[in-house]
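Before reading on, take a moment to look over the sequence and to turn the structure in your viewer. The paragraphs below are meant to be read with both at hand.

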Amino acid sequence: MEKNGANVVSERGKHPMDLLLKQKSEAGHLPKPGDIMEGAVIEKRGSRLFVDLGNRGTGIVYGREYYVAADVIKRLGPGDCITAKVVESDNDEGYVELSLKEAGREKNWKEFERLMASGGLLKLKIREANRGGLILEHLGVSGFLPASQLSQEHYPRVDGGDKEKIYEELKKLVGQELEVSVIDIDADDEKLIFSEKSKETELVKTKLATYHVGDTVKGEVAGLVSFGAFIKFGDGLEGLVHISEIDWQLISHPADVLKLGQKVPAKIIGIEGDKVSLSLKALKADPWAKAEEKYKKGDIVTGTVVKFNPFGAFVKLDEDIQGLAHISEFGTEVKMKETLTLGGPHEFRVLSVDPKEHRLALGLVRGEAPVMPEEPAPAEAAEPTAGEASA
């Protein structure tokens with residue numbers, strides 16, 4: 001801006017049009033619509049605000065733009081500097097039409113762009129919660145913090161992912177302040193997305209630098225959900241043990257074999273960024289290693305039906321080994337459930353044993369002369385392992 005406040009004040013007595021004519025004669029070009037400009041207030045006259053834009057001309061805020069910015073304008077006086085957005089570069093009266101509201105909006109979104117690029121952190125208060133996350137506000141703009149972008153400390157661990165239960169947990173955070181970063185913006189759609197994980201992610205990555213796949217850690221069960229267990233270990237680190245990595249046997253729910261606060265050793269089987277995958281069963285002897293010695297093709301065994309699924313019935317033979325009676329043994333799922341009793345003992349014949357794939361195929365013994373197929377049913381190749389079925 002080429003004139004300071006004093007120069008502007010010294011020309012208060014001049015009519016704005018006189019200034020305009022003088023400035024336009026000196027100006028080589030006019031500002032374009034959308035430009036953000038700074039200027040000094042010349043005067044307020046009625047419902048018009050005149051602004052000195054230096055050699056770019058004289059700006060005016062009037063009409064609708066005056067009324068939407070009335071709260072700001074009433075606090076302005078001659079010489080005060082303002083930032084405005086050009087609406088029209090040369091209107092019928094020769095003024096540069098300005099918008100204070102649009103300039104403020106433009107300035108805010110440029111600040112959001114800067115924050116996203118720099119990764120800068122903001123400490124903001126949670127205004128409200130919904131079923132997907134939290135609502136926060138910065139520079140008068142509401143933004144969204146998805147539940148998935150919450151830190152480990154605040155993430156709602158709700159069994160089964162029940163949305164209502166998650167919502168109840170999120171509501172407990174309303175009123176608290178969180179340190180967040182901007183991770184996505186869209187000014188046109190008024191979209192502003194926050195994350196609480198960015199700072200935590202870098203810290204976790206730094207801490208994880210001393211760990212490697214194959215390491216054994218001592219941890220504590222911090223959360224139990226249908227798909228696995230969260231284990232805290234080291235200096236505030238946390239990993240997930242998928243339900244298929246808890247034990248060699250089929251598990252319906254992690255809570256059946258683990259308790260909150262329980263101390264457990266775990267093996268690191270994967271590190272991706274700030275996410276750690278753990279295994280409890282990897283530290284136990286694989287019972288399937290000797291399954292072929294214990295169970296041979298053609299043997300008649302007694303087992304307990306522990307689970308039905310579309311592939312067939314899972315049958316517990318001992319504490320560690322489970323076999324599958326394929327659905328083809330029964331024809332339909334309805335007939336399978338009519339024939340077998342969940343939790344009840346039945347006699348089966350071992351059709352095949354595959355220790356490497358952790359598969360043992362069973363055929364139900366029917367009457368005194370059971371028929372034993374020469375080979376497992378063709379669909380057997382698609383049978384899930386115990387871990388796959390539980391997932």
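What follows is a walk through some charged pairs and then through two pockets.

The model is a predicted one, and every value quoted here was computed from it. A place to begin is with the contacts between oppositely charged side chains, for the structure holds 17 salt bridges, of which three are taken up here.

Consider the pair formed by Arg48 and Glu93, whose closest N and O atoms lie 3.1 Å apart in a salt bridge. This pair links distant parts of the chain, since Arg48 sits in strand 2 (residues 48-52) while Glu93 belongs to the loop between strand 4 (81-88) and strand 5 (96-99), with their positions 45 residues apart. Arg48 has a relative accessibility of 26% and so counts as partly exposed, and Glu93, with a relative accessible area of 34%, is partly exposed as well.

In another of the salt bridges, the side chains of Glu169 and Lys172 come together at 3.0 Å, N to O. Here Glu169 is partly exposed, at 33% relative accessible area, whereas Lys172 reaches 56% and is therefore exposed, because the term is kept for residues over 50%. The side chains of Lys32 and Asp35 likewise meet in a salt bridge, with 3.9 Å from N to O, and Lys32, at 54% relative accessibility, counts as exposed.

From these pairs we can turn to the pockets. The largest pocket has a volume of about 460 Å³, and of the 17 residues that line it, those closest to its centre are Gln152, Lys197, Phe230, Glu238 and Lys275. Two or more lining residues of this largest pocket come from each of helix 7 (197-208), strand 13 (237-242) and strand 15 (275-279). Sorted by character, the lining of the largest pocket is made up of 6 nonpolar, 5 polar and 6 charged residues.

The second largest pocket, for its part, has a volume of about 390 Å³. Of the 17 residues lining the second largest pocket, Ser151, Gln152, Glu153, Glu200 and Gly236 are the closest to its centre. Which elements supply at least two residues each of the lining of this second largest pocket? They are helix 7 and strand 13, and helix 7 gives the most, with 5 residues. The lining of the second largest pocket divides into 3 nonpolar, 4 polar and 10 charged residues.

Methods
Residues numbered from 1 in each chain as written. Predicted model: local features only at pLDDT ≥ 70, side-chain atom pairs only at ≥ 80, totals over all residues. Heavy atoms only, no water. Salt bridge = Lys/Arg side-chain N within 4 Å of Asp/Glu carboxyl O. Buried < 20%, exposed > 50% of the residue type's maximum accessible area, 1.4 Å probe, protein only. Helix = DSSP H or I, 4+ residues; strand = E, 2+ residues; numbered from the N terminus. 1 Å grid on protein atoms, 1.4 Å probe; cavity = no way out; pocket = protein on both sides within 12 Å on 5 of 7 lines; lining within 4 Å. Points joined across faces, edges and corners; volume = space filled by probe spheres on them. Nonpolar A, V, L, I, M, F, W, Y, C, P; charged D, E, K, R; others polar.
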